[in-house]
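Subject: Structure handover

Hello,

Here is the structure we talked about. My notes on what was found in it follow below.

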Amino acid sequence: MKDLAEAALNAAQVKGASYADVRLDEHVTQDIIVKNGQLAAVSDDASEGFGVRVIVDGAWGFAGSARLDKAEVEQVTDRAIRIARASARVRSAPVDLGPPVTSRGHYRTPLERDPFAVPLAEKVDLLLRADAAMGSVKGGTIREGSMEFIRQAKLFASTEGAFIEQELFESGAGIEATATSPDDVQNRSYPNSFGRHQGSAGYEYITALELDRHAGRIAEEAVALLSAPQCPSGVKTLILDASQTALQIHESCGHPTELDRVFGMEAAYAGTSFMTPEKLNHLQYGSRNVTITADALTPTGLGTFGWDDEGIPAQRTFLIKDGLFVGYLTSRETASVLGQQSNGTMRADGWNRIPLIRMTNVNLEPGDSSLAEMVSETKDGVYMETNRSWSIDDKRLNFQFGTQLAYEVINGKRGRMLKNATYAGITPEFWNSCDAVGGRAEWRVWGLANCGKGQPPQVAHVAHGAAPARFQHVKVGILK
Amino acid sequence: MKSMEVVRLTDEAELKQFMTRLLQRSPAQETEVMVTEDDSALTRFANNGIHQNVAERDATVRVRVVKDGKTGVASINQMSEAAAADVLKRAVAIADLQPRSEVVPMPGPAAARRVDAWSDATASATPEERADFVETVCAKAGRAGLKAFGAFSTSAGQFGWASTTISVPRKRRSIPS
């Protein structure tokens, strides 16, 4: 593999590239789905190849191939060079990457048990046990459980002298119970929605979830939701569980701080951002309770690695500090426009894609409250748990979320279960109304494995550390 | 031929030979193999300039086996002897774990209708042609005091399917967008 990388870099330089990097990547994914007491699907997919990224005449070119031999490396490098030359005819300012990056080293996801060494039968058995526990609840209609395991081995080398090898693992699992009546469908999932909860870890991450212990509870909740009252409409105090807080961070802080979006590079697809450069160090994004970091060093986070796909070391930086907007997620190219250096957020979802600015682990730092304390201090509010739907405009300002489960909170006590709960807001108003964040004991890293961006499309696996949080004067329910 | 300068797809005979050998080495009672191969390129532009410009060549080899009334599926993106052995091994391992159940039968012999989905102009589009197109759009936007954002992609691919019961000839298609 090292030979192929060197061949690509040599060819790129000989043919006139002022910069080149090459990534060789092998990706293995195993997915298991159990449905209504049966093993419904097992898929086992492998993909490997390489991608060469070059700068010629101040413009980018990229080409990749699944064929791993020297002749193909030569052809693909030629193609990248030709593409870059074509780009240069219609470029804006020449690409400036800032100071050279010469990282060298090896990184492996810390893990106790290699998920690919665990017998398939053991994994299926765990899902079937959880399925049986959900099935023991009367009134449930559909039960589903899933697991996903990923192993990615990648090599990065550049003409600046960087040479990095990384072996990254992910393990994820989740269960979901659906209950139906003639005029309603309700579902509950554990630990999160979107099929499963995932982390950069080994199989120990799966066993720690204790799927079978929570299975009966979520099935009971799905059935109970059928007869629960609708979430009322009004302006109320809103308390979010940690997983919904995580998605709120993702959509309304993670995405708008991506500097490529700010510069319009995603305007035709993923969108732009309201957090434009003149607001940096001036915008009071949230209350003093709100401090948000991008931390690629967070244990078990899906955005945890040794180096990003430009060779920048994993690091922790502030995006929001005591409510003030102080930083972006950056690449080498975008950071240099602001006179900064990259904070290491460039990742590609495979050998055949260019790296883009992607969230690492964008975390709401723990506060000093607790869910119990937030409830006890609330006179008229709603507690919402586990995302069911999301919607946000392309500048990441106006949003609406729905959750699977909610409870009314009246005079400091949790009241009736509510169904079809939603809330809406405007990003800075919402975060400025945050008056409590849970402490370290309730803080957890939530994996999100479905973040889409880029053309051709890429799906990033990112994470958000979050605890329950409380917000005042929020529009709850469907207002008339 | 211009298209051969840009789009590189596996030769039809080589593709058939790979699929035939894979089927021959399968230990399952029934096996099907589906190969899709694509050579694609995409030019993105923003603020009246090209900022991302990419191309890739990839394949997917998807294998379904039926063994003792149980089904297993696995995929890989390589077309080598070692890859064929690996993907078959993984598909059989999955089949062994499945409960015995009703098996979706492999399709029997049938006439394959020819679909004309190939355009030499699309398949042979060069990076320079895509850049020319984008330049025209951006120049027009610039003259109007506007900024253009978008993407221009071209791709060409082929698809082959074969099983222990039937084989379907290779299909080709090209897509501009």
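Two residues are taken to be in contact if their C-beta atoms, placed from the backbone, lie within 7 Å. With that cut-off, 76% of the contacts in chain A with a separation of 6 or more are between residues 24 or more positions apart. Please keep in mind that this is a predicted model.

Chain A overall

Chain A has 10 helices and 23 strands. Its radius of gyration is 23 Å, close to the 23 Å that the globule rule gives for 480 residues, so chain A is as compact as a globular protein of that length. Along the principal axes, the C-alpha atoms of chain A fill a box of roughly 70 × 55 × 35 Å. Of the 480 residues in chain A, 56% are buried.

An open sheet in chain A

Four strands of chain A form an open, antiparallel sheet in the order S12-S11-S10-S15. The edges are S12 (324-325) and S15 (362-364); each has a single partner strand, so one side of each is left without a neighbour in the sheet. At the S12(A) edge, the pairing with S11 (residues 316-321) is antiparallel and runs over 2 bridges. Within that pairing, Lys321(A) stands opposite Leu324(A). Helix H6 (residues 242-254) of chain A lies across S10 (292-295), S11 and S15 of this chain, and runs at about 120 degrees to S15(A).

Strand S9 of chain A

S9(A) covers residues 234-240 and is mostly covered itself, with 5 of its 7 residues buried. Which strands does S9(A) pair with? One is S23 (residues 469-476) of chain A, which is joined to S9(A) by 6 bridges and runs antiparallel to it. There, Gly234(A) has Val476(A) as its bridge partner. Another is S16 (residues 380-392) of chain A, paired with S9(A) in the parallel sense over 4 bridges. In that pairing Ile239(A) stands opposite Tyr383(A).

Leu97 of chain A

Leu97(A) sits in the loop between helix H2 (70-88) and strand S4 (104-108) of chain A. Is Leu97(A) buried, exposed or partly exposed? It has 18 C-beta neighbours inside 10 Å, and because a residue needs 20 or more to be buried and 12 or fewer to be exposed, Leu97(A) counts as partly exposed. Neighbours within four places in sequence aside, Leu97(A) is in contact with Tyr19(A), Arg332(A), Glu333(A) and Ser336(A). The C-alpha atoms of Leu97(A) and Ala335(A) are separated by 8.2 Å, although these residues are 238 apart along the chain.

The contact between chains A and B

Chain A and chain B each put 38 residues into the contact. On the chain B side, at least two residues each come from strands S1 (30-46), S2 (49-67), S3 (70-76) and S4 (150-163), and from helices H3 (81-97) and H5 (127-143). S2(B) gives the largest share of that side, 11 residues. By residue type, the side of chain B that touches chain A divides into 19 nonpolar, 11 polar and 8 charged.

Strand pairing also crosses between the chains: S3 (residues 59-65) of chain A and S2(B) pair in the parallel sense over 4 bridges. In this pairing, Phe62(A) stands opposite Val54(B). S2(B) thus appears twice in these notes, as a partner of S3(A) and as the largest contributor to the chain B side of the contact.

Regards

Note on methods: Residues are numbered from 1 along each chain as its sequence is written. Chains are lettered from A and ligands numbered from 1 in the order in which they are written. This is a predicted model: local features need pLDDT of at least 70, side-chain atom pairs count only at pLDDT 80 or more; totals for chains, interfaces and linings use all residues. Ala, Val, Leu, Ile, Met, Phe, Trp, Tyr, Cys and Pro count as nonpolar, Asp, Glu, Lys and Arg as charged, and the others, Gly among them, as polar. Two strands pair if DSSP finds at least two bridges between them. The radius of gyration is taken over C-alpha atoms; the globule rule is 2.2 Å times the number of residues to the power 0.38. Axes are lines fitted to C-alpha atoms, for helices over the stretch in contact, and angles run from 0 to 180 degrees between N-to-C directions.
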